Amino acid sequence: MTADATRTGDPTDTADTVETADTPDTVDTADPTGPGVARDGAFWAWTVLGLVIVVGLAALTRYLEQNVPAWAEGTAIEDFGAAIEYPVYAILLGLLGNVAVTLLGWRDRIAAAFRTEFFIKTGLVLLGASINLAVIASAAGPAIAQAILLISGVFLFTWWLAGKFGLDDKLRALLAAAVSICGVSAAIAAAGAVRARREQLAYTASLVIIFALPSIFILPWLADVFGLSDAVAGAWIGGNIDTTAAVTAAGALAGEEALQIASIVKVTQNALMGVVAVALTAYFTLRVERRPGAARPGLGELWRRFPKFVLGFIAASVIATWYLDSAGADGKATIAIVNDLRVWFLILAFVSIGLEVRVASLREAGWRPVAVFASATVFNLALALGLASLLFRNFSA
């Protein structure tokens, strides 16, 4: 098996054959220690040390996220400091930790503490609590129509372009989901559905963060240059920027009404993440990884491969919507606690991803994923501007 993250997938290829199983380097891995690893006293001691490192880096991430904006206030980097979100700190600190434990010769010994899969899935289930279905229903037609058309158009374009560049099918799925839906969260859901490698997820998450940061400032400025109304500007921002917090920051720069519309559009796109995960599971099971001449996989195989955390995500959304409807304004404090817990789990996941990254695999991915992501972002900008101008020109919040 080669480790080329960009090579075009082939169902008969040795690399794909290995990656579709529960191997240690896929996102869907249940046990990072791998089979046959002795779990004696030394194993548990190293694992506890690894957990201390992961939690310590997560706590440092939280500290920086909450204090850097205050430190940067009144300086030339005030806006930049306020715009940096926790995934940036978590991945960077994870990568720095990776270098340190590798130099110390600890990395493989503490790897059992990198529970990336558990952290990711728990965080995404909790993310469902932030999806208020009542808000989406109130936005009704324009937001839902834009979300469906935009996700479909951008996903298919990115998938097609990545195929032209010869990227691996699993990396194609991660890039297409990330740029078309909601960035890192969508990439994580897609990685679970197609069983992508952790290096592919780390690569995609890095691209999302790199492209999201300048968008916070460029899109509100362009909306002003184009003379867009607040509603159209908000819909454009919400449909383009991949991370929810970055959407909030950009929407706030564009105005109060723009912020409301941008938030509704982004939440609507987030809610469709589960639909895309189901579609990717079916496509990879029935077509991409189906061997020539093999029997058509049944519902049992589809269920086995289906990322079950998506059901938790949907259930959390339904329960949160019902709870807020019953509890009223008092329920927001409870949801805020759930959201804070979700941030902690996602920070632990991003730190673990940084600790697990193997630089050689990222280097082999090369420039082609960057070119695909940049081109897809430009396509997303143009399509979202057209849809927002058409669907939101007479909209009022």
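These are my notebook entries on the helices and the nonpolar core of a predicted model.

**Entry 1, the whole chain.** I began with the secondary structure and found 18 helices and 0 strands in the protein chain. I then looked up burial, and of the 397 residues 51% count as buried. For contacts with a separation of 6 or more, I noted that residues 24 or more positions apart account for 80% of them.

**Entry 2, the core.** I turned next to the largest nonpolar core, which holds 104 residues, and I listed the members that touch the most other members: Ile181, Val194, Leu201, Met273, Leu280 and Phe350. Helix 9, spanning residues 198-226, gives this core its largest share, with 11 residues. I picked Met273 for a further look and, leaving aside residues up to four places away in sequence, found that Met273 touches Leu127, Ile181, Cys182, Ser185, Ala186, Ala189 and Phe313.

**Entry 3, a helix pair.** Two of those neighbours, Leu127 and Phe313, led me to helix 5 (residues 116-127) and helix 15 (residues 309-327), whose axes come within 7 Å and cross at roughly 25°. Angles under 35 degrees count as roughly parallel, and helix 5 and helix 15 are therefore roughly parallel to each other. I recorded the crossing of these two helices as right-handed. On the helix 5 side the meeting residues are Lys121, Leu124, Val125 and Leu127, while helix 15 brings Phe309, Gly312, Phe313 and Ala316. Sorted by class, this contact has 6 nonpolar, 1 polar and 1 charged residues.

Note on methods:
Residues numbered from 1 in each chain as written. Predicted model: local features only at pLDDT ≥ 70, side-chain atom pairs only at ≥ 80, totals over all residues. Heavy atoms only, no water. Core = buried A, V, L, I, M, F, W, Y, C linked by side-chain atoms within 4.5 Å. Buried < 20%, exposed > 50% of the residue type's maximum accessible area, 1.4 Å probe, protein only. Helix = DSSP H or I, 4+ residues; strand = E, 2+ residues; numbered from the N terminus. Contact = heavy atoms within 4.5 Å. Axes fitted to C-alpha atoms, helices over the stretch in contact; angles between N-to-C directions. Parallel < 35°, antiparallel > 145°, perpendicular 65-115°, else oblique. Left-handed = near helix turned anticlockwise from the far one by under 90°. Nonpolar A, V, L, I, M, F, W, Y, C, P; charged D, E, K, R; others polar.
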